[in-house]
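Me: Could you take a close look at one part of this model for me? I would like to know what lies around the largest nonpolar core, told in plain terms.

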Amino acid sequence: MKKQLLYIFGAIVFLGVMSFTFQEDRWKAPEGAKDLKNPINASNKSASATKGAKIFKTRCMVCHGKQGKGDGVGGKALTPKPQNLTLSMVQSQSDGELFWKITNGRNDMIKWGPILSEEQRWDVVNYVRTFKTK
Ligand code: HEC
């Protein structure tokens with residue numbers, strides 16, 4: 001009986017450490033990124049998102065999937081996996097944070113800064129917003 005308790009205790013400690021490690025690995029944009037202002041105003045958002053959709057299809061879909069769910073064929077073998085962009089974990093971030101991550105990349109997420117213009121990166125941020133589940 002005592003031994004079983006020890007196993008249970010061990011398992012709890014193990015899970016605790018694992019979830020902590022996982023949280024530590026969450027990709028966080030630096031402080032200043034939050035305040036980067038989306039330069040595209042409300043009346044131009046939908047036109048911008050339409051342009052962003054085209055960019056997404058050619059540049060992002062292969063990894064992040066058609067609906068942004070992280071299930072593109074190109075992402076199957078990657079660790080970590082391309083993020084599911086529909087999750088609140090992503091959608092709760094500010095436009096600036098998403099822009100920063102798209103610009104700078106990490107691991108297999110490409111650093112788009114040198115590839116896409118600033119305007120194109122904002123267009124794609126505006127498109128990623130359309131994945132938000134209502
Ligand atoms: C080669 C595959 C690949 C392509 C192409 C790609 N991504 Fe990613 N993306 C990833 C991976 C892998 C991650 C997770 C990186 C990590 O957590 O270290 C990621 C993460 C992200 C994140 C961060 C989500 C979070 O954790 O907050 C955003 C936003 C994103 N991608 C958007 C895009 C956009 C927009 C494009 C196209 C311009 C794109 N990605 C193209 C693989 C890709």
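Reply: Happy to help; here is a walk from the core to one polar residue beside it, then to a helix and a pocket.

This is a predicted model, so local features need pLDDT of at least 70 and side-chain atom pairs count only at pLDDT 80 or more, while totals for chains, interfaces and linings use all residues. Residues are numbered from 1 along each chain as its sequence is written, and side-chain values use heavy atoms, with hydrogens and water left out.

Let's start with the core. A nonpolar core here is a set of buried Ala, Val, Leu, Ile, Met, Phe, Trp, Tyr and Cys residues joined through side-chain atoms within 4.5 Å. Buried means under 20% relative accessible area, exposed over 50%, and partly exposed in between (1.4 Å probe, protein chains only). The largest such core has 18 residues, and those with the most contacts inside it are Phe 56, Leu 85, Val 124, Val 125, Val 128 and Phe 131. Helices H2 (45-59), H5 (95-104) and H6 (118-128) each give two or more residues to this core, with the largest share, five residues, coming from H6. Helices (H or I, at least four residues) and strands (E, at least two) are DSSP runs, numbered from the N terminus.

Val 128 leads us to the polar residue. Not counting residues up to four places away in sequence, Val 128 touches Phe 56, Leu 85, Gln 91 and Leu 98, where contact means heavy atoms within 4.5 Å. Gln 91 sits in helix H4 (residues 88-91), and Gln 91 counts as buried because its relative accessibility is 6%. Its side chain reaches the backbone oxygen of Leu 85 at 2.8 Å. Leaving aside neighbours within four places in sequence, Gln 91 is in contact with Leu 85, Thr 86, Val 128, Arg 129, Phe 131 and Lys 132.

Next comes H5, which is mostly covered, with eight of its ten residues buried. Among them are Leu 98, Phe 99 and Ile 102, and also Asp 95, Glu 97 and Lys 101. H4 and H6 are included in what covers the buried residues of H5. Just after H5, Gly 105 takes a positive phi of about 65 degrees.

Finally, the largest pocket. On a 1 Å grid over the protein atoms alone, a pocket is an open set of points where a 1.4 Å probe fits, with protein on both sides within 12 Å along at least five of seven lines; lining residues have an atom within 4 Å of a point. This pocket is lined by 32 residues, of which Trp 27, His 64, Pro 82, Gln 83 and Met 109 lie nearest its centre.

Methods:
A polar contact is a pair of N or O atoms within 3.5 Å; within protein, one must be able to donate a hydrogen and the other to accept it, and residues adjacent in sequence count only if both atoms are side-chain atoms.
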